Amino acid sequence: MPRSVKVAVTGAAGQIGYALLPRLASGSVFGPEVQVSLSLLEVTPALAALEGVVMELDDCAFPLLKSIEITDDPNKAFDGVNWGLLVGSKPRSKGMERGDLIRENGPIFVGQGNALANAASDVQVLVVGNPANTNCLIAMQNAKAGGVPSNRFHAMTRLDQNRAQAQLAKKAGVPVAQVTNMVIWGNHSATQYPDAENAKINGRDVPDVIGHISWLQDDFIKVVQQRGAEVISARGLSSAASAANAALDHVVSMESITAEGDFFSSGVISDGSYGIEEGLIFSFPIRSYGNGDWEIVQGLDLSAFAKEKISATEIELQEERSVIADLLK
Ligand code: NAX
């Protein structure tokens, strides 16, 4: 019998959901031997639209798609799941401050954190919905009481990593696959620090290959930090295909053992590595063991420039946490 995996996707009727679900169901993520059951969560008013997405998934006739359930109840959505992709959250509306968005979306992740107690014992969670790091912190803290280990929670910074790799590849005129060891430090926000100093192109240090240090310390960082806003201004909608792709890249990385010497970026609970306050959800370079466990890669050199950037993003995360302190158990 083929192995099977049950995946919950929240906000499944949204635009990232639309790009994510066919690829999950097609077998391109878990491989040709693994059947996929989808458990899709939406708010009640979006269930009708979600039915339409389910019709389309049916019409794809994916041989590996075992079942699809839809619900507006988080307790049902997370029942027995091996993966929880927490995409759903309210978008930032016109004139809304970041603090308002944090307050608006925080309670969603209290409820979903509690409901994750119903998940399978090997559950892994990826929070995509913004503000991703702080939402992840809320879900992680609230899931603790239900026995879900804190190391199962990740906030997505893989899109930022992919964006940074793409920019470096363009600048160096090399295929993107040659850009490795790309770490995004900190928050998935405009304070994130994409670290070119530790990245490699074909195994060589990026500053040695590109040489243009002022570009690396200025334009490169700004382009990566502002890429989401740039996509919105061009498309009129936020990144969806690339966000879905990054979420699936994260799943594939976590389901595999990271190659010796390599790492990828993910927002995980800080253990104090690199001087970051313990307990924050902070994006670090991590290596996966392929079974849900991971480690933060130690020993990367950080210049004074890098330390200053990393400190700024840590302070932003501490401030975000203070806005939702009452939601942390
Ligand atoms: P959409 O507005 O298209 O979809 C969001 C969906 O979530 C909607 O269908 C909505 O009904 C649903 N939803 C809202 N509250 C919910 C709840 N309590 N339970 C279940 N579903 C709920 O947004 P989309 O473009 O799909 O983006 C989703 C989230 O990803 C947003 O918060 C967005 O800011 C965030 N992003 C995060 C990225 C990252 O790199 N971490 C990048 C892309 C994206 O901007």
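Mentor: A polar contact is a pair of N or O atoms within 3.5 Å; within protein, one must be able to donate a hydrogen and the other to accept it, and residues adjacent in sequence count only if both atoms are side-chain atoms. This is a predicted model, with pLDDT of at least 70 needed for local features and 80 or more for side-chain atom pairs, while totals for chains, interfaces and linings use all residues. Residues are numbered from 1 along each chain, and side-chain values use heavy atoms, without hydrogens and water.

Trainee: Which residue offers a backbone N or O atom to a nitrogen atom of the ligand?

Mentor: Set two side chains aside. Glu-42 has an N or O atom 2.6 Å from a ligand oxygen, and a polar atom of Ser-89 also lies 2.6 Å from a ligand oxygen. The backbone atom, 3.2 Å from a ligand nitrogen, belongs to Val-128.

Trainee: How much of the ligand's area does the protein bury?

Mentor: Start with the ligand alone, which exposes 870 Å² (Shrake-Rupley, 1.4 Å probe). The share of this area that the protein buries is 82%.

Trainee: How many charged residues are in the shell around the ligand?

Mentor: The shell has 23 residues, with heavy atoms within 4 Å of the ligand. Gln-15, Ile-16, Glu-42, Ser-89 and Asn-130 come nearest. By class, 11 are nonpolar and 11 are polar (Gly among them), and the charged count (Asp, Glu, Lys and Arg) is one.

Trainee: Which helices each supply at least two residues of that shell?

Mentor: Helices are DSSP runs (H or I, at least four residues), numbered from the N terminus; strands are E runs of at least two. The two helices span 15–26 and 98–115. They are H1 and H4.

Trainee: Why do Trp-185 and Phe-284 count as they do, and in which class?

Mentor: Six aromatic pairs come out (centres within 6.5 Å; stacked under 30 degrees, edge-to-face over 60, the rest tilted). This one joins strand S8 (183–185) to strand S13 (281–288), 99 residues apart. The centres are 6.2 Å apart and the planes at 75 degrees, so the pair is edge-to-face.

Trainee: Where is the cis peptide bond from Asn-130 to Pro-131, and what is its omega?

Mentor: Pro-131 lies in the loop between strand S5 (124–127) and helix H5 (132–144). The bond is cis, with omega near -5 degrees.

Trainee: What phi does Ala-61 have?

Mentor: Ala-61 sits in the loop between helix H2 (47–60) and strand S3 (65–71). Its phi is positive, in a residue other than glycine, and is near 50 degrees.
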